[in-house]
Amino acid sequence: MKLVNAARPAAALFSVATAVTVIFASLTGCSALGTVRQKADHAGLTYGTAIQAGDILDPDTKKFIVKNFNLIVPENTMKWANLRPTKKFWNWSDMDHMVEFAEQNRIAMKGHTFVWHQQNPPYVSGLQTREEALPLLIEQITEVMKRYRGRIREYDVANEVLNEDGTLRNTVWLRTIGPEYIDVAFKAARAADPDAKLLLNDYSNEYAGTAKGDAFYELVRGMVERGIPIDGVGLQLHMIAENPLRRDALEENIARFNALGLYVSFTEVDVRILMPVTPEKEAEQTAFYEGLLEAATGAEGAGSFILWGWRDAKSWIPATFAGYGSAHPFDVKGKQKPLYDAMVKVISNAKR
Ligand code: G3I
């Protein structure tokens with residue numbers, strides 16, 4: 001009897017401690033078993049997120065990032081219009097600050113992106129001739145990569161160069177330099193920082209057997225055959241919960257890039273829901289994230305899983321896809337969803 005009574009305070013204490021741990025974990029992204037980042041490190045998984053410049057000005061957000069992720073990528077900070085709004089003015093401070101933060105916390109840093117058709121300043125989008133465009137593109141890549149040589153691990157050198165039908169997108173770079181602008185960019189990147197990993201990044205390129213997926217593969221295969229310095233490919237994976245993940249077509253795709261000697265990174269993962277959220281839609285979304293993480297952590301997997309933001313409160317989705325939302329593991333109030341625990345479980349069980 002005494003024993004039972006004696007056990008009660010201990011049990012009460014235990015449940016208070018458990019409750020505190022659960023509340024703490026739900027706000028900070030860690031559990032008594034360790035942080036998500038520790039689990040990712042243990043699994044050999046690059047588990048990252050896009051961050052905004054302001055995130056590392058906020059102490060709580062900083063702590064959250066350090067606990068959860070082993071890689072960060074600037075969501076907008078390195079894009080041309082932000083980094084170099086006029087030809088002569090380089091706005092280095094936000095990038096410098098991010099690189100320092102990553103280094104101080106042993107977080108790998110990724111760069112995003114040089115060649116793109118969006119977020120270019122007028123002096124770039126208005127380029128008319130190859131003579132103007134070529135040196136400017138090379139200068140941009142060289143200046144950034146030399147400044148951060150040895151400090152930024154990998155770059156999306158070029159982003160979204162294809163249309164949905166697999167043809168080259170009509171951009172300022174294609175119009176002025178011609179199709180070889182992609183090769184030019186990768187060669188300049190290798191010369192500027194020989195140790196940085198160089199990626200070609202795109203969306204709707206995740207499945208083998210689709211027009212864009214196959215065109216993306218052929219584009220990359222051609223680069224490899226021409227000896228262009230490319231190390232990996234980015235599958236952005238901005239997905240929709242109601243269209244289930246096609247694991248076979250994804251894994252077939254990963255395998256064919258690996259066969260070219262390239263690595264595959266899941267670079268901008270989010271899975272949006274047609275609002276309102278229902279338990280069924282949440283279950284579809286959870287299954288989608290789990291399947292992607294399993295594909296990333298499997299023996300032949302991508303090994304690199306980067307969220308395009310972790311919270312609905314600062315999501316790019318609602319402004320871009322009317323009626324869609326709830327795409328990330330944390331809700332608009334910053335609270336983690338059941339989806340988050342499911343992801344932690346996959347990472348905990350993974351060993352590459
Ligand atoms: O900074 C201005 C602010 O001063 C202004 O008041 C506000 C008014 O709209 O706009 C702010 O800029 C916005 C910027 O995000 C920062 O929030 C831009 O309008 C907006 O277009 C921009 O959207 C970004 C988008 O790329 C376009 O560059 C998203 O945040 C970013 O998530 C998104 O990321 C892209 C990847 O780079 C490539 N793959 C697709 C992905 C999603 O579109």
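1. Start with the ligand, bearing in mind that this is a predicted model. A nitrogen atom of the ligand sits 2.7 Å from an N or O atom in the side chain of E160. The protein covers 48% of the 790 Å² of accessible area that the ligand has on its own.

2. Two oxygen contacts are worth a look as well. The side chain of K79 has an N or O atom 2.7 Å from an oxygen atom of the ligand, and for the side chain of W308 the distance from an N or O atom to a ligand oxygen is 3.0 Å.

3. Who else is around? The ligand is surrounded by 14 residues, and E75, K79, H112, Q119 and E268 are the closest. Sorted by class, that shell holds seven polar, four charged and three nonpolar residues.

4. Now to helix 12, residues 279-297. Its 19 residues should span 27 Å at 1.5 Å a residue, and the end C-alpha atoms are indeed 27 Å apart, so the two agree. Its buried residues include F288, Y289, L292 and L293. The buried residues pack against helix 11, helix 14 and strands 9, 10 and 11.

5. Helix 5 gets the same check: the 12 residues from 93 to 104 should span 16 Å, and the end C-alpha atoms are 16 Å apart, which agrees. M95, D96, M98, V99, F101 and A102 are its buried residues. Among the elements they pack against are strand 3, strand 5 and helix 7.

6. One last detail on the backbone: R106, which follows helix 5, has a positive phi, near 50°.

Definitions and conventions. Residues numbered from 1 in each chain as written. Predicted model: local features only at pLDDT ≥ 70, side-chain atom pairs only at ≥ 80, totals over all residues. Heavy atoms only, no water. Helix = DSSP H or I, 4+ residues; strand = E, 2+ residues; numbered from the N terminus. Expected span 1.5 Å × (residues − 1). Buried < 20%, exposed > 50% of the residue type's maximum accessible area, 1.4 Å probe, protein only. Contact = heavy atoms within 4.5 Å. Near = heavy atom within 4 Å. Polar contact = N/O pair within 3.5 Å; in protein donor to acceptor, adjacent residues only side chain to side chain. Areas by Shrake-Rupley, 256 points an atom, 1.4 Å probe, with all protein chains shown as cover. Nonpolar A, V, L, I, M, F, W, Y, C, P; charged D, E, K, R; others polar.
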